[in-house]
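The exercises below are meant to be worked with the sequence and the structure side by side. Try each task before reading its solution.

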Amino acid sequence: MADKCKIEKAIPEKFKVFADSLSRMEQESRLRSVPDDRDDIPGYDLTSNDYMGLGKNRDLSRRIQGKQFFTSSASRLLSGHQDDYIRLENLLETLYAKDVLLFNSGYHANVGIIQSLSVEGTVFLCDKLIHASMIDGLKLGNAEYRRWRHNDMDSLRKLMVRYRNAGRVVIMVESIYSMDGDLSPLREIVGLKKEFDNAVLYVDEAHAFGVRGNKGAGLSEELGLLDDVDIIVGTLGKACASYGAFVATHHLLKQYFINTSRSFIFSTALPPINAVWTYKMILSLIKMNNERDHLRKISGMFRDGIKKITGKDTDSESQIVPLIVGNAREAVNLATRLSVSGVKALPIRRPTVPEGEERIRFSLSADLQEDDIKNILSILETAYTDRE
């Protein structure tokens, strides 16, 4: 209501075009606002990317001791306090057997890295559903790129053949796709990559880091493909319950990004205390195989429950499970009914997903128990059945 009141205030003529845009969004049930929620509201929160439940663990937050800095006050290239960053990068390097460079967020990482790679002779071949930050990196770098049908190897192969004489082709995928929860066919992509000497494989592991693999290093680790992926981007604000991101890659590319990535060069570095916290979170994640197995089990339960309630299959193979509604207004209404019953799951609408694919996106966490899943599905069945 507060946002609506703001919109309805007297608007200067020079801002009218923006007010009209917001009004259209409101009419189409697409107007967003920052949720006015409190931590003490009871119920199930299925909106968070805290996949391993570390963000809710208050005991862990009490373990940081010693001298800490709450601000870097400069970019990494100027900051005088590097020990905490270097220690964190070294830990990640042991996981990936690659050189690692920290970024301030997954968005910063994708935009900065892709912009840096956008040199003459580079063609980017992008899965149709890659994240907006990757698309923005292509635009910032004025890159030449082509999009291939989602997870369609024939579509990718045709483009690889077309650009086999380019200086390099960068194949861009997510390991787990953020809206559908399905997996990239990494084994097949690696096999195709090996047929072309100019191919570079770029994998965004944002939703797999901490969740997949024997040590939580992602789907590439789980499938034994770490040596075959040239550029791995991971985010620290999801399963890692922290903030920031990293790239794991060849040592030459790390040095290249330090010198050419604008989002790295011109951003104040992460607070050192954040690097300390992340270090401890990763040490915890490495050991959480039981939790990863549990998350996989309850995710399967939830997917089966969704199919039983809706009669529709889901492409999800992960802890991200969508319920496709197909209408923005109904997605909002269903989310409201769920919220009233104690299940927080927000609607996803244009432009995040195409028109007609509006949905409720459920993000499951390892701290949910099987009884919790049963309760959530019972609430969902009632809310879905009662929809108008």
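**Exercise 1.** How many bridges join strand 3 to strand 5, and do the two strands run parallel or antiparallel?

*Solution.* This is a predicted model, in which local features need pLDDT of at least 70 and side-chain atom pairs count only at pLDDT 80 or more, while totals for chains, interfaces and linings use all residues. Residues are numbered from 1 along each chain as its sequence is written, and side-chain values use heavy atoms, with hydrogens and water left out.

Begin by locating strand 3 at residues 122–127 and strand 5 at residues 168–174; helices (H or I, at least four residues) and strands (E, at least two) are DSSP runs numbered from the N terminus. The two strands run parallel and are joined by 5 bridges, where pairing requires that DSSP finds at least two bridges between two strands. One of the positions to check is Thr122, whose bridge partner in strand 5 is Arg168.

**Exercise 2.** Place these strands in their sheet, and find which strands stand at the edges.

*Solution.* The sheet is open, has 7 strands in the order 2-8-7-6-5-3-4, and its pairing is mixed. Strand 2 and strand 4 (144–148) each have a single partner strand, so one side of each is left without a neighbour in the sheet. Neighbouring strands are turned by 20° against each other on average, direction ignored; axes are lines fitted to C-alpha atoms, for helices over the stretch in contact, and angles run from 0 to 180 degrees between N-to-C directions.

Next, consider the helices. Helix 4 (residues 83–96) packs on the sheet and touches strand 2, strand 7 (231–235) and strand 8 (245–249), contact meaning heavy atoms within 4.5 Å. The direction of helix 4 makes about 130° with that of strand 2, whereas helix 10 (residues 251–260), which lies across strand 2, strand 7 and strand 8, runs at about 25° to strand 2. Finally, look at the loop between helix 4 and strand 2, where Ala97 is found; phi of Ala97 is near 55°, a positive value in a residue other than glycine.

**Exercise 3.** Describe the sheet of 3 strands and the helix that lies across it.

*Solution.* This open sheet has the order 9-12-11 with antiparallel pairing. Strand 9 (320–324) and strand 11 (347–348) stand at the edges with a single partner strand each, so one side of each lacks a neighbour in the sheet. Strand 11 pairs with strand 12 (residues 359–363) over 2 bridges, and Pro347 has Ile360 as its bridge partner in strand 12. The loop between strand 11 and strand 12 contains Pro351, and the peptide bond from Arg350 to Pro351 is cis, with omega near 5°.

Helix 13 (residues 289–310) lies across strand 9 and strand 12, at about 10° to strand 9. His294 is found in helix 13 and, leaving aside neighbours within four places in sequence, is in contact with Ala366, Leu368 and Gln369. A polar atom of the His294 side chain lies 2.6 Å from the backbone oxygen of Leu368.

**Exercise 4.** Which residue, 242 places from His294 along the chain, has its C-alpha atom 9.9 Å from that of His294?

*Solution.* Count along the chain from His294, then compare the C-alpha positions. The residue is Met52, whose C-alpha atom is separated from that of His294 by 9.9 Å.

Terms used:
Polar contact = N/O pair within 3.5 Å; in protein donor to acceptor, adjacent residues only side chain to side chain.
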